[in-house]
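Q: Please give me a close look at how aromatic side chains group together in this structure. I would then like the account to continue into the surrounding architecture.

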Amino acid sequence: MNKRGTDRGKGKPHSSPAGEMVVFPLSSDVWNIIEKNQTSCQNIGLLLSKYVKWNVNWLATNLEAEFERLRKSKAQLLDKKTVYNPAVTVASNSASEASSHLRNYFERFKATLSSLEKSGWKVERLSNVKTQWRMVVGLGSGSILETSMTFHRIYGFPIIPGSGLKGLAKAYANTVENIPDSDQQITDVFGSQSSEKPSQGKVIFFDAIPVKFPKLKLDIMNPHYQDYYSDPSGKTPPADYLSPNPIFFLTVGEGAEFYFAVASKEEHLAKLAKGWLENALKELGVGAKTSAGYGYFE
């Protein structure tokens with residue numbers, strides 16, 4: 001669209017609070033609905049990934065190139081808090097429809113585990129574990145906002161992917177208990193990528209889901225000396241007159257209870273995997289920024 005005030009079918013022009021004309025990368029009808037119901041959007045993942053305002057020069061003919069161009073040009077993004085704050089508002093509403101979706105999903109998840117047990121699988125559950133402080137999983141995932149978080153794709157509540165939990169449990173076994181990859185226990189639980197004898201692991205790590213919809217907290221990284229770090233010539237000194245660069249991101253708040261489960265057809269392997277995972281959550285932490293105290297469970 002080259003003319004302001006024209007609906008080109010990909011997004012509708014809109015005046016921002018600052019008076020700047022912006023469009024949304026959505027069809028006009030969807031755009032109208034979201035604008036009226038921004039804070040009641042029940043899927044936070046959708047809110048974060050789609051409800052982003054772009055300036056009037058948005059060209060939806062080459063999305064991949066356009067995202068890359070906009071990602072590199074922070075000036076073309078409006079205040080990110082206009083996206084994050086509604087997500088925090090939605091998550092703070094304990095009576096929201098999102099909580100209802102989570103409760104129903106949680107019941108179906110437990111029914112699935114029970115069904116597996118009736119089919120001969122051994123299921124080990126880990127419940128009553130809560131985040132000691134804040135946690136963020138998927139911070140570095142691809143996002144036009146630079147920072148991201150992993151949400152259930154359909155229902156929009158935070159999850160910890162089973163693939164990540166599997167890697168976490170293996171890291172604990174390798175680094176804390178000093179069990180090498182060649183050990184049969186490692187091969188049985190996690191499988192092997194050996195070119196000579198590749199094998200599949202015998203334990204399933206399920207996505208961890210929150211027992212209740214957790215509170216989301218808006219957090220901030222505030223790196224200093226950006227000009228110093230980004231100057232390839234090395235001529236910019238790390239001086240105090242350089243402005244900090246605040247970067248907002250979402251976290252799961254402290255005290256959030258998650259439900260973990262692993263399953264195997266061999267009971268001792270399920271118990272072994274559960275033990276490694278439980279210890280890893282307490283001692284290694286999950287997700288990003290664990291060295292700063294994020295992602296630990298009690």
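A: One aromatic cluster is formed by Phe 106, Phe 109, Phe 206 and Tyr 259. Aromatic pairs in the chain number 13 (rings of Phe, Tyr and Trp, the latter by its six-membered ring, with centres within 6.5 Å; planes under 30 degrees apart are stacked, over 60 edge-to-face, the rest tilted). The model is predicted, so local features require pLDDT of at least 70 and side-chain atom pairs pLDDT 80 or more, whereas totals for chains, interfaces and linings use all residues. Numbering starts from 1 along each chain as its sequence is written, and side-chain values rest on heavy atoms, without hydrogens or water.

The chain as a whole contains nine helices and 11 strands (DSSP runs of H or I, at least four residues, and of E, at least two, numbered from the N terminus). Of its 298 residues, 43% are buried (under 20% relative accessible area with a 1.4 Å probe, protein chains only; over 50% is exposed, in between partly exposed). Among contacts (heavy atoms within 4.5 Å) with a separation of 6 or more, 70% link residues 24 or more positions apart.

Thr 251 belongs to strand β10, residues 247-252. The relative accessible area of Thr 251 is 0%, and Thr 251 is therefore buried. Beyond its neighbours within four places in sequence, Thr 251 contacts Arg 134, Met 135 and Val 136, together with Met 149. Its other partners are Lys 215, Leu 216, Lys 217, Asp 219 and Tyr 294.

Thr 150, by comparison, lies in the loop between β4 (122-130) and α6. Setting aside residues up to four places away in sequence, Thr 150 touches Val 137 and Gly 138, as well as Pro 158, Ile 159 and Pro 161. Gly 140 stands 10 residues from Thr 150 along the chain, and the C-alpha atoms of the two are 9.8 Å apart.

Helix α6 itself spans residues 162-175, and its axis comes within 8 Å of that of helix α9, residues 267-283. The two axes cross at roughly 85° (lines fitted to C-alpha atoms over the stretch in contact; angles run from 0 to 180 degrees between N-to-C directions). The helices α6 and α9 are therefore roughly perpendicular (65 to 115 degrees; under 35 is roughly parallel, over 145 roughly antiparallel, the rest oblique). From α6, the residues that meet α9 are Leu 165, Leu 168, Ala 169, Tyr 172 and Ala 173. On the α9 side, Trp 276, Leu 277, Asn 279, Ala 280, Leu 281 and Glu 283 take part.
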